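Reader: I am new to this structure. Please take a close look at a single part of it, and then set that part in its surroundings.

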Amino acid sequence: MAELAVDKHVKYILAVEKNKDSFESVVMDPLRMNGAYWGLTALDLLGKLDSVNVDEVISWILKCQHESGGFSGNIGHDPHILYTLSAVQVLALFNKLDVLDIDKVATYITRLQNEDGSFSGDMWGEVDTRFSYIAICCLSILCCLGKINVEKAVSYILSCKNLDGGFGCTPGGESHAGQIFCCVGALALTGSLHYVDKDLLGWWLCERQVKSGGLNGRPEKLPDVCYSWWVLSSLIMIDRVHWIDKEKLVKFILDCQDVENGGISDRPDDAVDVYHTYFGVAGLSLLNYPGLKAIDPAYALPVDVVNRIFFSG
Amino acid sequence: MDSREDDGGEPLSRMAEWRDVTPLPQDDGPNPVVPIAYKEEFRETMDYFRAIYKADERSPRALRLTRRAIHLNPGNYTVWHFRRLVLEALNADLDEELDFLQRIANSNSKNYQLWHHRRWVVDRLGANARAKELNLIKKILSIDAKNYHAWSHRQWVLQALGGWEDELDYCQQLLEEDIFNNSAWNQRYFVVTRSPYLGGLKAMRASEVRYTVEAILANPNNECPWRYLQGLYKDDIKALVNDPEISSVCLKPCHEFRDSVVALRTSDTDPLGPDLSMAICDILEHVDSLRASYWIWRKNKLSVAAV
């Protein structure tokens, strides 16, 4: 079986951050905050976070904060809940949460909660259970989860539960592994996992594994490395990960590497990108692949980072 | 017809219309973490956009500029936001906006910004936009029948603006094209449970069971109708178990397991007895080895239930 080409992936991630010319860079520009989270968390899992200049990163992140307390995807863009979480997560990686005015960030997020408990992405009002997870994860990291109406947030998430035990983006929306990760993660972080039918959902999730060992996100779809995170972390949170074949999944992820140039793609032989590189490495971490730092399935941050937030000082 | 959806790509610095504007270069700070070199046209468009955005100029030329910027990078959510501000300020023709979105929909069918912008536009147009919208979504789904954004948008349109009357037929049509389409099954459930014209789940149950059983018999290896069947009996599992139509479907030997199951069947007394079920779990532990642990657990659960 192939091995994880750690050095190549580290080189790839560092090069992406510096790349000046690619079309991918241009397209990524408005969501560079997400890209930073994917790249830097992957580097940390690979044990190479110190390859990056902390001060430069922190300084750039702070430039992305707006009056409202929210963060944008890059300088010169509007704030959004998506980039607010990524910013907080990256600061947590570097143990620099103290640069934040926590109340300010919390206010931005609490203002995005709607009457029915759901969360909007920003002032334009798009609602999606992704944003419920983001709000809950972000405020949990900042140790002020109580600032939102947790009960209503939970009840909205539960209204998105489907007959197959899974969750969609809004009530009635098709169960999708990405949305399921968000809903299960949010329920985990609010102590509400008892509302999940773990056997029913566990079965739906384990059925995502296809013959190649990879995982898809919905019935009858193709496997994709990113589901190695979303399906896997969901299974772990509901204690059902033994229902898939872990070895075969490891092999699938390793087959998605570009061992020449570094990086991981959605499925074998496709083009790599930093998003799939992160999810591949994170998935391997959840599968206890040797040499990787452990990652927390709910916070999507290294376990030592999470421990540092909650158990020190 | 200009397929590029903008002024034709002429450099803005050479256009008389833009003479009064000083383009603003990207400010990455003194030590940019991630300096990016852009293609010239992109760079120029975004420099002008930044100037207009900073000045908060909500003019017709600003509207055209956002269209150009969207064409160059449809993932730039800040441009979409500003476009909405400009559309509002100009009280622009939103039907035209829908047409613009329609023209770029195919190449942006998985773009969150595009779908959210559409929703914003349609919300303002109200019920008059309904038919056009449901039609557009059908077009997108005809290319990719599982497009998650399209389905989510469709559900929103139905709930906000109505149009339920033909939806069950539409699900039917999609399932005829591909009985494995999980999105269409999900939509079917959505319609059956929420349509104001159908009477709700209990009223629809009998006809839906018949439809689902037919689908199962045609393709027993199709995950979707099996789960759908469970959903039809949500909160009433006893009724599912006692329905003779259902038990006959579950026991009908399907192609791969035919010999094994036939060999194992003793008689027709209590066909749902623990022995047959446990034997099936044993078989599945081997033929579905990816999920061996799951089948072992299922078998244990059965023996506990039998006690």
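Author: The largest cavity holds about 130 Å³ of space. This is a predicted model, in which local features need pLDDT of at least 70 and side-chain atom pairs count only at pLDDT 80 or more, while totals for chains, interfaces and linings use all residues. Residues are numbered from 1 along each chain as its sequence is written, chains are lettered from A and ligands numbered from 1 in the order in which they are written, and side-chain values use heavy atoms, with hydrogens and water left out.

Rolling a probe the size of a water molecule over the atoms shows where empty space is left. A cavity here is a set of points, on a 1 Å grid over the protein atoms alone, where a 1.4 Å probe fits but cannot get out; lining residues have an atom within 4 Å of a point. Points are joined across faces, edges and corners, and the volume is the space filled by probe spheres set on them.

Chain A lines the largest cavity with Leu163(A), Asp164(A), Glu174(A) and Ser175(A). From chain B come Asn182(B), Trp185(B), Asn186(B), Tyr189(B), Cys224(B), Arg227(B) and Tyr228(B). Two elements, α9 and α11 of chain B, each give two or more residues to this lining. Helices are DSSP runs of H or I with at least four residues, numbered from the N terminus. The most, 4 residues, comes from α9(B). By class the lining has 5 nonpolar, 3 polar and 3 charged residues; Ala, Val, Leu, Ile, Met, Phe, Trp, Tyr, Cys and Pro count as nonpolar, Asp, Glu, Lys and Arg as charged, and the others, Gly among them, as polar.

The structure holds 2 cavities of 30 Å³ or more, and the second largest has a volume of about 60 Å³. Among its lining residues are Glu174(A) and Asn186(B), both of which also line the largest cavity. Here α7 and α9 of chain B give two or more residues, with α7(B) giving the most, 4 residues. This lining divides into 3 nonpolar, 6 polar and 1 charged.

Now the interface of the two chains. The contact (heavy atoms within 4.5 Å) takes 47 residues from chain B and 60 from chain A. About 5000 Å² is buried between them, 54% of it on carbon and sulfur atoms; buried area is the accessible area (1.4 Å probe) that two parts lose on being put together, summed over both. In chain B, Tyr148(B), Arg227(B) and Leu290(B) lose the most area to chain A, together 16% of what that side buries. Of these, Arg227(B) is also in the lining of the largest cavity, and Tyr148(B) in that of the second largest.

Between the chains there are 3 salt bridges, each a side-chain nitrogen of Lys or Arg within 4 Å of a carboxyl oxygen of Asp or Glu. The side chains of Glu207(A) and Arg291(B) meet in a salt bridge at 3.6 Å, N to O. On the side of chain B that touches chain A, the elements giving two or more residues include α7 (148-161), α9 (182-194) and α11 (223-232). The largest share, 6 residues, comes from α9(B). That side has 21 nonpolar, 17 polar and 9 charged residues.

Notes:
1 Å grid on protein atoms, 1.4 Å probe; cavity = no way out; pocket = protein on both sides within 12 Å on 5 of 7 lines; lining within 4 Å.
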